[in-house]
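Student: Please take one part of this model and walk me through it closely. Then show me how its surroundings are put together.

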Amino acid sequence: MRLPLIVGLTGWFVISGSSVFAAPPVPETVIWQEGIEYTNPDDQHLQLNLARPKTGDGPFPAVICIHGGGFRAGKRDGYDGLCMKLAERGVVAATISYRLAPKFQFPAAVHDTKAAVRWMRANAKTYQVDPTRIGVTGGSAGGHLAQFLGVTANVPQFEGTGGNPDQSSAVTCVVNVYGPSDFTKSYGKSVDAHEVLPLWFGGNLDTKRALHIQGSPLYWVTPNAAPTLCIHGTDDKYVAHEQAVWLVDKLKAAAVEADLLTLEGAGHGFKGADAEKADKALFDYFEKKLK
């Protein structure tokens, strides 16, 4: 059975990559490893699952997948199937866990995703990875975190202390699946931003406006940002389609290569033909940018 890119979405920023289906079988052409610890902030022992091609000498390009869940839920194994499909296409792919709100607020999750990229580079020889070709993707909250990686390379305040400080956390390219870009404009446009964002920022827009700005990828765009593909539906009630438009426009204004795949009538979570279009766009983009 073909696995869609995004499955089981039920809420704002929520559940892209949720564990609602049994793990797919491992293809014969793929080496699959689960539960590899990549960083240990606050004694959390964060882990990743990793798929890589069984044959070939490499080094291979890599993709890091970041699950959604409103920064407060979700599990990495929801992206197991995507990782295996990427490995079948000659990519080393990892899906990661990260610290969740409300216990761990912004920028803890950002620190963790940065640590994952640095870990991948530090272990490039072990897993046959080309450290100069590392892409990232995610859906919803994971799309935001992927995009944040793409616009904040070499920004010291977001690196954290998650290990391998001698390695760069820069990424080659981003596929952002309906991730938000400007949290200051989420309230009133998303059906539950008023519930989700205060948990991550420790307050709402009135009390923590500076953090909402600091946490928005839109405000970190520079000419050094990574090339980006945004995939977004026009009927998204949780992250408005305009969030992708703003981001792509600003990236282009900064002379950064950026594309937007708009899926007419699609909501927050793709099904059927929309999921197939999103899948194809993601695979084609990484094929173009990483190989």
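**A close look at helix α6**

Tutor: Start with α6, residues 241–253. This helix has 13 residues and reaches 19 Å from its first C-alpha to its last, close to the 18 Å expected at 1.5 Å a residue. The expected span is 1.5 Å times one less than the number of residues. Helices here are DSSP runs of H or I with at least four residues, strands are runs of E with at least two, and both are numbered from the N terminus.

Two notes on the numbers. Residues are numbered from 1 along each chain as its sequence is written, and side-chain values use heavy atoms, without hydrogens or water. This is a predicted model: local features need pLDDT of at least 70, side-chain atom pairs count only at pLDDT 80 or more, and totals for chains, interfaces and linings use all residues.

Which residues of α6 are buried? They are His241, Gln243, Ala244, Leu247, Val248 and Leu251. Buried means under 20% relative accessible area, exposed means over 50%, and partly exposed lies in between (1.4 Å probe, protein chains only). Seen down the axis of α6, these buried residues fall within an arc of 155°, so they line one face of the helix. The arc is taken from the directions between the helix axis and the C-beta atoms.

What does that face pack against? The buried residues of α6 pack against α3 (141–151), β6 (173–177), β7 (228–233) and β8 (258–263). Just after α6, Ala255 takes a positive phi of about 65°.

Now go to β7, one of those packing partners. Six of its six residues are buried. Thr228, Cys230 and His232 point one way from β7. Leu229, Ile231 and Gly233 point the other way. Strands pair if DSSP finds at least two bridges between them. β6 and β7 run parallel, joined by four bridges. Across that pairing, Val177 stands opposite Ile231. β7 and β8 also run parallel, with six bridges. There, Cys230 stands opposite Leu260 in β8.

Next, follow α3, another partner of α6, into the largest nonpolar core. A nonpolar core is a set of buried Ala, Val, Leu, Ile, Met, Phe, Trp, Tyr and Cys residues joined through side-chain atoms within 4.5 Å. The largest one has 43 residues. Tyr38, Leu50, Ile64, Ile66, Met120 and Trp200 touch the most other members. At least two residues of this core come from each of β1 (30–39), β2 (46–53), β3 (60–66), β4 (92–96), α2 (108–122), β5 (129–139), α3 and α4 (193–201). α2 gives the most, with seven residues. A second, separate core has 30 residues, among them Trp32, Cys65, Val175 and Phe286.

β3 carries Ile64 and Ile66, and seven of its seven residues are buried. It pairs with β5 in the parallel sense over six bridges, and Ile66 stands opposite Gly138 in β5. β3 also runs parallel to β4, with five bridges. Ile64 has Ala94 as its bridge partner in β4. Contact means heavy atoms within 4.5 Å. Leaving aside neighbours within four places in sequence, Ile66 is in contact with residues including Tyr79, Ile96, Val136, Leu145 and Leu149.

The loop between α3 and β6 joins two of the elements that α6 packs against. Glu159 sits in that loop. Is Glu159 buried or exposed? It is buried, with a relative accessible area of 16%. Its side chain makes a polar contact of 2.8 Å with that of Arg118. A polar contact is a pair of N or O atoms within 3.5 Å; within protein, one must be able to donate a hydrogen and the other to accept it, and residues adjacent in sequence count only if both atoms are side-chain atoms. Not counting residues up to four places away in sequence, Glu159 touches His111, Lys114, Arg118, Asn154 and Ser169.

Asn164 is also placed in the loop between α3 and β6. Its phi is near 50°, a positive value in a residue other than glycine. Asn164 is partly exposed, with a relative accessible area of 25%.

Last, two backbone details. A cis peptide bond joins Gly58 and Pro59, with omega about 0°, and Pro59 lies in the loop between β2 and β3. Another cis peptide bond joins Ala101 and Pro102, again with omega about 0°; Pro102 is in the loop between β4 and α2.
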